[in-house]
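These notebook entries record what I looked up in one structure. I was asked to go through its nonpolar residues and its aromatic rings.

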Amino acid sequence: MNWFTGVVLYVLIWWTVLFAVLPVGTHPIHEPDQQTGWRGAPERPRMLMKVVLTTLIASAVWLGAW
């Protein structure tokens, strides 16, 4: 595998793992909107933790593919 293929593969793995990690640990807000009942985005999405976790998992998967 050359460097370009390795980078493309890592980006594809990272993006796929991101969508698997996004729902982990999220909880909707407690009080829905009074008019629509919509809860919207989670209270604390903790995106930095999810990006770090995604990077670690994607790196492990990529090393396995290497």
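The entries below follow the order in which I made the look-ups.

**Entry 1. Model.** I note at the outset that the model is predicted.

**Entry 2. Nonpolar core.** I looked up the largest nonpolar core and found that 7 residues make it up: Ile13, Trp14, Val17, Leu18, Val21, Ala58 and Trp62. I then asked which elements give two or more residues to this core. They are H1 and helix H2, the latter covering residues 47-65. H1 gives the most, with 5 residues.

**Entry 3. Contacts of Trp62.** Trp62 belongs to the core, and I therefore take it as buried, since a nonpolar core is a set of buried residues. I left aside its neighbours within four places in sequence and listed what remained: Trp62 is in contact with Gly6, Leu9, Tyr10 and Ile13. Of these partners, Ile13 is itself listed in the core.

**Entry 4. Surface patch.** I next turned to the surface. Trp3, Phe4, Val7, Val8, Val11 and Leu12 form a nonpolar patch there. Together these residues have about 660 Å² of accessible area. I located Phe4 in helix H1, which spans residues 3-21.

**Entry 5. Exposure of Phe4 and Trp3.** Is Phe4 buried or exposed? Its relative accessible area is 52%, and Phe4 therefore counts as exposed, the cut-off being over 50%. For Trp3 I read a relative accessible area of 69%, so this residue is exposed as well.

**Entry 6. Aromatic pairs.** I searched the whole structure for aromatic pairs and found 4. One of them joins Trp3 and Phe4. The ring centres of Trp3 and Phe4 are 6.0 Å apart, with 85° between the planes, and the pair is edge-to-face. I also recorded the pair of Trp62 and Trp66, whose ring centres are 5.3 Å apart. Why is this pair tilted? The planes of Trp62 and Trp66 stand at 45°, and the pair is tilted because this angle is neither under 30 degrees, as for stacked rings, nor over 60, as for edge-to-face ones.

**Entry 7. Ring cluster.** I followed the ring pairs further and found that they link Tyr10, Trp62 and Trp66 into a cluster. Within this cluster, Trp66 is exposed, with a relative accessible area of 56%.

**Entry 8. Val52.** Lastly, I looked up Val52, which is found in helix H2. Val52 has a relative accessible area of 44% and is partly exposed. I took its separation from Ala20: 32 residues in sequence, and 13 Å in space from C-alpha to C-alpha.

Notes:
Residues numbered from 1 in each chain as written. Predicted model: local features only at pLDDT ≥ 70, side-chain atom pairs only at ≥ 80, totals over all residues. Heavy atoms only, no water. Patch = residues over 30% accessible without salt bridge, like charges linked within 9 Å, V, L, I, M, F, W, Y side chains within 5 Å. Areas by Shrake-Rupley, 256 points an atom, 1.4 Å probe, with all protein chains shown as cover. Salt bridge = Lys/Arg side-chain N within 4 Å of Asp/Glu carboxyl O. Helix = DSSP H or I, 4+ residues; strand = E, 2+ residues; numbered from the N terminus. Buried < 20%, exposed > 50% of the residue type's maximum accessible area, 1.4 Å probe, protein only. Core = buried A, V, L, I, M, F, W, Y, C linked by side-chain atoms within 4.5 Å. Contact = heavy atoms within 4.5 Å. Phe/Tyr/Trp six-rings, centres within 6.5 Å; stacked < 30°, edge-to-face > 60°.
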